[in-house]
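Below are my notes on the model you sent, as numbered points. Please read them with the coordinates open.

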Amino acid sequence: MYKFVLDADASIKLSKAGVLEALASFAKCSITRQVYQEILKGKDKMYEDAFDIERLVDKRKIAVCETKAEEIEGLGAGECSSLAIFQKLKGDAIVSDDRKFLSVLEERRVPFIIPTDIIAMLAIKRKISKNEAVSALDEIKRLVREENYTSAKRNIGGK
């Protein structure tokens, strides 16, 4: 089973896409306490994704991990703690769509996957249907880079 560490950005986008629970059933998903607290702030604004993620944590489909993290210039507590927990858990990849964070991960040669590629992977692995994947991508199209959306859609055989 894959072990993925998700940051707040990826968790929210995958929740909005409607595939976070499918991912959590397919892979061991972890977030840090700092990321979880950041996500839960959305409850104040009645963001559905915050309630969805809280439900998955309550059902133990997503693990919340405690860690201390080194500060990395330009990154927030959520990203720094995600990197620390990824190393502690010996994860397979960090799931993020934050450009600053991705450049740090690239620099440190830490494997990562962006949310659009997660959606494509779920379709390729038949954890969701092709139609569900296309719908999921369409749900977050305005939140992701056009080239990432187009590439993921092409990878699942969408047009």
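1. The model is predicted. Its largest nonpolar core has 41 residues, and the members that touch the most others are Phe4, Leu6, Leu14, Leu23, Ile118 and Ile119. The biggest contributor is helix α7, which supplies six residues to this core. Apart from it there is another core, of 15 residues, and Val5, Cys65, Ile72 and Phe86 are among its members.

2. Helix α7 spans residues 115-124. Of its ten residues eight are buried, so the helix is largely enclosed by the rest of the structure. The buried positions are Pro115, Thr116, Ile118, Ile119, Ala120, Met121, Leu122 and Ala123. Just after α7, Arg126 adopts a positive phi of about 60°; the backbone there can be inspected directly in the coordinates.

3. Two residues of α7 deserve a closer look. Leaving aside residues up to four places away in sequence, Ile119 touches Leu14, Ala17, Val19, Ile128, Ala133, Ala136, Leu137 and Ile140. Is Thr116, in the same helix, buried or exposed? Its relative accessible area is 2%, and the cut-off for buried is under 20%, so Thr116 counts as buried. With the same sequence neighbours left out, Thr116 touches Leu137, Ile140, Val144, Asn148, Tyr149 and Ala152. Leu137 and Ile140 appear in the contact lists of both Ile119 and Thr116.

4. The sheet is open and has five strands, with parallel pairing and the order β3-β2-β1-β4-β5. At its edges are β3 (62-65) and β5 (112-113), each of which pairs on one side only. As background, strands of a sheet pair through backbone hydrogen bonds, in either a parallel or an antiparallel sense.

5. The individual pairings can be followed from one edge. Between β2 and β3 there are four bridges, in the parallel sense, and Cys29 has Ile62 in β3 as its bridge partner. Strands β1 and β2 also run parallel and are joined by three bridges; here Lys3 is partnered by Lys28 in β2. At the other edge, β4 (residues 93-95) and β5 form a parallel pair over two bridges, with Val95 opposite Ile113 in β5.

6. Strand β2 merits its own remark. Four of its five residues are buried, so this strand is largely enclosed by the rest of the structure.

7. How many cavities of 30 Å³ or more does a search of the whole structure find? The search returns one. The volume of the largest cavity is about 30 Å³. Its lining consists of Lys3, Phe4, Val5, Lys28, Ser30 and Leu89. Strands β1 (3-6) and β2 (28-32) are the elements that give two or more residues to this lining, and β1 has the largest share, with three.

8. By class, the lining of the largest cavity comprises three nonpolar, one polar and two charged residues. Several lining residues recur in the points above. Lys3 and Lys28, both in the lining, are also the bridge partners mentioned for β1 and β2. Phe4 lines the cavity and is among the members of the largest nonpolar core that touch the most others. Val5, another lining residue, belongs to the core of 15 residues.

Definitions and conventions:
Residues numbered from 1 in each chain as written. Predicted model: local features only at pLDDT ≥ 70, side-chain atom pairs only at ≥ 80, totals over all residues. Heavy atoms only, no water. Buried < 20%, exposed > 50% of the residue type's maximum accessible area, 1.4 Å probe, protein only. Contact = heavy atoms within 4.5 Å. Pairing = 2+ DSSP bridges. 1 Å grid on protein atoms, 1.4 Å probe; cavity = no way out; pocket = protein on both sides within 12 Å on 5 of 7 lines; lining within 4 Å. Points joined across faces, edges and corners; volume = space filled by probe spheres on them. Nonpolar A, V, L, I, M, F, W, Y, C, P; charged D, E, K, R; others polar. Core = buried A, V, L, I, M, F, W, Y, C linked by side-chain atoms within 4.5 Å.
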